[in-house]
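Subject: Structure for your review

Dear colleague,

Please find below the structure that I am handing over to you. I should be grateful if you would read the notes that come after it with the model open in front of you.

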4 protein chains.
Amino acid sequence: MTDRSAGSRRTRQLRTARLEAFSDGVFAIAITLLVLELAVPIAGTQGLLTAAREEWPSYLAYAISFATVGAFWLAHSTISEYLTSADPIFVRLNLVLLFVISFLPFPTKVVATYVHQERAERVAVTIYGVTVLVGLLLILGLWQYALRAGLVQVDVGEIDERLLTRRMVPAAVAYALLLVLGLLAPTSAALGYLAVAVFLIFPFGAVRAHRGDAGDGERGAS
Amino acid sequence: MTDRSAGSRRTRQLRTARLEAFSDGVFAIAITLLVLELAVPIAGTQGLLTAAREEWPSYLAYAISFATVGAFWLAHSTISEYLTSADPIFVRLNLVLLFVISFLPFPTKVVATYVHQERAERVAVTIYGVTVLVGLLLILGLWQYALRAGLVQVDVGEIDERLLTRRMVPAAVAYALLLVLGLLAPTSAALGYLAVAVFLIFPFGAVRAHRGDAGDGERGAS
Amino acid sequence: MTDRSAGSRRTRQLRTARLEAFSDGVFAIAITLLVLELAVPIAGTQGLLTAAREEWPSYLAYAISFATVGAFWLAHSTISEYLTSADPIFVRLNLVLLFVISFLPFPTKVVATYVHQERAERVAVTIYGVTVLVGLLLILGLWQYALRAGLVQVDVGEIDERLLTRRMVPAAVAYALLLVLGLLAPTSAALGYLAVAVFLIFPFGAVRAHRGDAGDGERGAS
Amino acid sequence: MTDRSAGSRRTRQLRTARLEAFSDGVFAIAITLLVLELAVPIAGTQGLLTAAREEWPSYLAYAISFATVGAFWLAHSTISEYLTSADPIFVRLNLVLLFVISFLPFPTKVVATYVHQERAERVAVTIYGVTVLVGLLLILGLWQYALRAGLVQVDVGEIDERLLTRRMVPAAVAYALLLVLGLLAPTSAALGYLAVAVFLIFPFGAVRAHRGDAGDGERGAS
C-alpha cells in the first residue's frame, strides 16, 4: 500500500507538473496577447492625447480581460495547489478550460470594436459574457470534480474548500445577471465584468488576517 | 552499476525537464496563437450576429486545430510520463515534431480562407491533412523509438503500451482516409479531422473505469 | 513547529513555483512580442539599407524595451531567489506588475510611431515613461513588501538587501527626471531610458568582485 | 565547506531553474512566432497550389530559421545540462543571447520579402547572416565563460567539452564564409545557413554510438 502510494505520488508530480506548465503557458500567452489588439491611436490634427482618449473602449476591454484572465489564473493555481494527482477526466476538463481562456482575446477584440454601435455592442457584450461565464463554470467544475474524485489533499480544511467556492459561486451568479444587463446597458455590463474580476482577485481573507488573526484559513483565500 | 544509474537518473531529470519545458512552451504557444487568426466580423447592415455566422469556417478551423493540438499534447505528455531518459535521437525527433506543431496555425489559416472556393479548398484541406498526419506519425515514431531505445520505465504494463498505440494507429489510418475524402468532399473531411481529435482526447478508458474496475490500465488511457 | 515549517516549505515550493512559472511566461512573451512590431522596411529606389536606416526609431524603441523588460526580469528573479513563500497580497501585487510588463509593447509601439512628430512624440514618451516608472515602483514595492511580511530567507545579508534597493531607488529617481526631460527633449529622454536599463542590468558588483574579493556580497548584485 | 557547497547547490537550483525557464520561454516563443509571418497565398486564376509554390522563399526562410533556433536551443540546453551554478555575468551574457534569438524573426521576414530583388536580397541575407553569427558566437562565449568561471560540473569529460566546441567552431567559420558568399550569391548562402543548422542538429555522435560503442562520450554529442 505504501509502495503504491509512493509510486502514485511520483506519477502525480510528473503528471500535475506538466499539466501546470502547459496551463501556465496558455494563461500567460493569452494574458500577454491581449496587448497586441491595442492599435496605435492615429494622431491627426487633434493631437495624440485626444486620439488616445477616443480609444478608451480598447483600453477598457484590455483591462477587463487582463483582470479576468488574472482572476481565473489565481483560482486555477489555488486549485492546483491542493491537487495531489490528476486523472484522465481532470486533464480533459482542464483542456476545455484552456480552450475558453485562449479564446478570450477574440471576444475582447469584438467588444472593443463595437462599443459605440448600439445593436452590435449588445451582441458583442453577450458573446463576451457567455465566454467568461463558461470559463468560470469550468473552473468551478474542475474544483468540484477534483474534490469528488479524491484528487485533493486530505487536509484541505473545510474553510479552505468553502472559501474557494464562496468566491466563485457569487461570481457566476453575477456573470449570469450581467448577461441580462448586457442586453439593456452593454457598457455598464462591461464595467460589471471588471468589478467581478476585481472581486475574484481581491484578497479579502488576507486583509482580514492582517487585522484580526485568521491564521491558516488564509491559505484558501489566496 | 548503481552509481551509473544514479548518475543517469540525475542527467535524466535535467534533460527531460528542459525537453518538456520547451515542448510545453511550443504546444502552448501554437494552441494560443490560433486565436489571432480569428478576424473581427464586419457588421454592416445585416448586424453583427449574421456577420459572425458567416465567419463559421474560421471558427470551425480554429476548433479543429485547437482540438488537434490538444490531442497531440495529451499524447506527448503521456509519452513523457513514462520516459526515464532522453537520448540525442529522441531529442531531434521531438524537435521535428515541434516543427510540425508550430506550423499548424498556417494550414489552419489557409483552410479558413478557402472554405468556399471549391478547387482551392481541396488543396487547402489536403495541406492540412498532410500536416496532421505527419504530426501523428511523428508522435507514434517518438513512442516506438522510446520503447526500442529503452528510454521508458521498465514497469510500463503491456496494457498501457498498447493503449497508447491503440489510439494512435486507428487515428493515423483515419487521417489517411480523410486525405482521400478531402479531394472529394473537403468540408466533410474537415469535420472528420475534428472527430479524430475528439476520439484521441476522449477518455474512453477512464469512463470504462468509472463503470467497471479497469484499475491500473487507466493510466495508459490518459 | 518543525512540522508546520516543513509543511509551509512544501506549500512554498508549490506556490512560488507556479508564481515564477507564470511570471517567467509573461516576461518571456512580452520581451519576444516586441519584435513583431518591427515592420519590414520598404526598399524603393533608395535601396534596402537606406530604407532600414530610416526606421531607426523602431529599432531604438525595440532595444530600449528589450533592455527594460530584461532589467525588470533580472530584478524579479533576484527577488524570487530570496523568497521562501508567497502570501495572497504578494501574489496580487505581482499580478499588477505583470499587467504593466505585458502592457509595455503598446507604449513602445506608440513611441516608435511618433518619433518624428514633435508634439505627439512628447505625449508618447511621457506615456512610455509613466509605464516604466510604475513598473519599477511595483518591483520595489514587491521587494519591500516581501521583506516586511517575512517572506524572505532569514539569511539575506544586509548587503544583499541594500544592493537590490541601491540599484532600484536611483533608477526610479532617474525615471522621474526623464519624465520631465521627455517634455523638453523626448529623443534624449528615450536614450535616457536605455541608459537606466543598462545601469540596472550591468553587473557592477560582479566586476568589482573579479578585481577585488567581494565574496558572498556578490549574490545580491546579480 | 560541505555546508557552503550545499547552500550554493540550493542557490544553484533556484537560479539556473529560472534562467532555464525564461530562456526556454524565449526560445519557444521565437521559434513559434516564425509561423505568423507566413502569409496565406492569394489564389487567383492560377490556383492555390501555384500561388503557394510562388511563396517558396517564405517557406524556405521559415525552415532555415526554425532549424537555426532549434540548433541554438539544443546547444543552449546542452550547456545548461552541465551547469552547476550561474553567476551575474553568465546571466547577463545569456540575456544578450536571448536578445539575438528573439530578434531573429525580423531578419527572417526581411529575407523572405526581398528574395527576388537582387540588390536588396544581398543586404537582407547579410543582416540575417550577421544575426546568426553573433548568436552562435554568444553561445560559444557562454560555454567558454562557464568553463573558465567554474560554473560547470567537475566531471565534464574532456571529450564532452571538446564535442560541444568541435561543433560550434566550424559552424561559426561556415557562417563567416556564408556572409561573404551572401554578397555574391544570396540564395545559395541562404541554403548554406540551412545546412549549418542541420549540421548543428544532426546527432553524429549518437549515430556513431549506435554502430560502434562510443559510450559516455555520447552525452556531449547531444
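The notes below take up one chain, then two of the interfaces, and then two individual residues.

Please keep in mind throughout that this is a predicted model.

**Chain A**

Chain A has 222 residues, and 58% of these count as buried. Its secondary structure consists of ten helices and zero strands. Read from the N terminus, the order of elements is accordingly α-α-α-α-α-α-α-α-α-α. Among the contacts in chain A with a separation of 6 or more, 79% are between residues 24 or more positions apart.

**How chains B and D are related**

A turn of 90°, with a shift of 0.0 Å along the axis, lays chain B on chain D with an RMSD of 0.0 Å. This is the relation of a four-fold axis. The residue of chain B that comes closest to the rotation axis is G25(B), whose C-alpha lies at 4.4 Å. The two copies meet through different surfaces, since 9% of the contact residues of chain B recur in chain D.

**The interface of chains B and D**

On the side of chain B, 35 residues take part in the contact, and on the side of chain D, 46 residues do. The two chains bury about 3,300 Å² between them, and 71% of this area is on carbon and sulfur atoms. Three residues, R18(B), F22(B) and R92(B), supply 24% of the area that chain B buries against chain D, which is more than any other three residues.

One salt bridge is counted between chain B and chain D. It joins the side chains of R18(B) and D24(D), at 2.5 Å from N to O. R18(B) is thus named twice here, as a partner in this salt bridge and as one of the three residues that supply 24% of the area buried by chain B. In addition, seven residue pairs are in polar contact across this interface, with both residues at pLDDT 80 or more.

Four helices of chain B each give two or more residues to the side that touches chain D: α1 (2–33), α4 (88–103), α5 (105–114) and α6 (118–148). Of these, α1(B) gives the most, with 13 residues. By class, this side of chain B has 24 nonpolar, four polar and seven charged residues.

**The interface of chains A and B**

Here 36 residues of chain A are in contact with 46 residues of chain B. The area buried between chain A and chain B is about 3,300 Å², and carbon and sulfur atoms give 71% of it. In chain A, the residues that lose the most area to chain B are R18(A), F22(A) and R92(A), which together account for 24% of what that side buries.

One salt bridge is found across this interface. Its partners are the side chains of R18(A) and D24(B), 2.5 Å apart from N to O. Seven residue pairs, both members at pLDDT 80 or more, are in polar contact between chain A and chain B.

The helices of chain A that each supply at least two residues to the side touching chain B are α1 (2–33), α4 (88–103), α5 (105–114) and α6 (118–148). The largest share, 13 residues, comes from α1(A). This side of chain A divides into 24 nonpolar, five polar and seven charged residues.

**Two individual residues**

K109(D) is located in helix α5 of chain D, which covers residues 105–113. Is K109(D) buried or exposed? K109(D) counts as buried because its relative accessible area is 14%, under the cut-off of 20%. A polar atom of the K109(D) side chain lies 2.8 Å from the backbone oxygen of L38(C). Apart from its neighbours within four places in sequence, K109(D) is in contact with V35(C), L36(C), L38(C), V40(C) and E37(D).

L184(A) belongs to helix α7 of chain A, residues 158–184. L184(A) counts as exposed because its relative accessibility is 69%, over the cut-off of 50%. L184(A) and V152(A) are 32 residues apart in sequence, and their C-alpha atoms are 42 Å apart in space.

With kind regards

Notes: Residues are numbered from 1 along each chain as its sequence is written. Chains are lettered from A and ligands numbered from 1 in the order in which they are written. This is a predicted model: local features need pLDDT of at least 70, side-chain atom pairs count only at pLDDT 80 or more; totals for chains, interfaces and linings use all residues. Side-chain values use heavy atoms; hydrogens and water are left out. Copies are superposed by least squares on the C-alpha atoms of residues with pLDDT of at least 70 in both. Contact means heavy atoms within 4.5 Å. Buried area is the accessible area (1.4 Å probe) that two parts lose on being put together, summed over both. A salt bridge is a side-chain nitrogen of Lys or Arg within 4 Å of a carboxyl oxygen of Asp or Glu. A polar contact is a pair of N or O atoms within 3.5 Å; within protein, one must be able to donate a hydrogen and the other to accept it, and residues adjacent in sequence count only if both atoms are side-chain atoms. Ala, Val, Leu, Ile, Met, Phe, Trp, Tyr, Cys and Pro count as nonpolar, Asp, Glu, Lys and Arg as charged, and the others, Gly among them, as polar. Buried means under 20% relative accessible area, exposed over 50%, partly exposed in between (1.4 Å probe, protein chains only).
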